Amino acid sequence: MVHCFLIHTICPINVLGAGESRVLYSRVFGPDENTLDGDLGPEERRLLQKEKLLVVARQVRSAVALSREASGQVVVETVPGEEGVALMEADSGVLRLRAGDPFSGERSALWLGIQSLGFTLVCEPHENLLLAEGTLRNLARHCLEHLHMLASGSEVLLKSDRIDVLLSRLLPHGQLLFLNHRFVQSLEKEVTAYMAK
């Protein structure tokens, strides 16, 4: 099962410090592990969850920076309409999140670094990572093509309802789906019809 999905920054932004990352969108699936702490109120649980997601975003940001530095790649801004090229040239990887850093149990974080955006899926350690990577690439492709997230001035926060619809179709309740060709075509038509609204 997928624990959470994040879209966050991976390149420096003027407002942020050198090592910081900003979570632009997050969705947590399944029960909140903070509910085990009966002493925490709803606001404290929300802040604790937000901090855990920021820790993941910072770790992914560091991994992307290391990957880009090691490969010697220079990030080149793409023009609108070339989102597919940006996705093909995306950096990708997997991080192992140890128990207690930041979640109570061990997790695997799959990430894609596309220009200044990071797309991250945090999964259970026993999850099928190839299937998770395919789902992450599919989600990123739809976000880039339909929501134009790489365009300048793109407001990811204003498009959260559309991202929610993508997640409900491609990752229902945090479950990874094995998709055959016919089902993928049906999903593509459904998502395209919704995004055209």
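**Figure 1. How much of the protein is tucked away.** Of the 197 residues in this protein, 40% count as buried, and the model we're looking at is a predicted one. About 10600 Å² is left exposed, with carbon and sulfur atoms supplying 55% of that area. Going along the sequence, you'd read β-β-α-α-β-β-β-α-α-α, which comes to five helices and five strands. Among contacts with a separation of 6 or more, 62% are between residues 24 or more positions apart.

**Figure 2. D91 and R68, a buried salt bridge.** The count of salt bridges comes to 10. In one of them, D91 pairs with R68, and the closest N and O atoms sit 2.6 Å apart. D91 belongs to strand β3 (residues 91–97) and R68 to helix α1 (residues 42–71), so this pair links parts of the chain 23 residues apart. D91 is buried because its relative accessibility, 8%, falls under the 20% cut-off; R68 is buried too, at 11%.

**Figure 3. R107 meets E124.** Here the closest N and O atoms are 3.8 Å apart. R107 sits in strand β4 (residues 107–114) and E124 in the loop between β5 (117–123) and α3 (129–147), so the salt bridge ties together parts 17 residues apart in sequence. R107 is buried, with 8% relative accessible area, while E124 is partly exposed at 22%.

**Figure 4. R169 and E190, helix to helix.** This salt bridge spans 2.2 Å from N to O. R169 is in helix α4 (residues 160–170) and E190 in helix α5 (residues 181–195), so parts 21 residues apart get tied together. Both ends are partly exposed: R169 at 31% and E190 at 35%. Elsewhere, R141, E145 and E188 join into one network through salt bridges that share partners.

Technical notes. Residues are numbered from 1 along each chain as its sequence is written. This is a predicted model: local features need pLDDT of at least 70, side-chain atom pairs count only at pLDDT 80 or more; totals for chains, interfaces and linings use all residues. Side-chain values use heavy atoms; hydrogens and water are left out. Helices (H or I, at least four residues) and strands (E, at least two) are DSSP runs, numbered from the N terminus. Buried means under 20% relative accessible area, exposed over 50%, partly exposed in between (1.4 Å probe, protein chains only). Contact means heavy atoms within 4.5 Å. Accessible areas come from the Shrake-Rupley method with a 1.4 Å probe; for residues, only the protein chains shown count as cover. A salt bridge is a side-chain nitrogen of Lys or Arg within 4 Å of a carboxyl oxygen of Asp or Glu.
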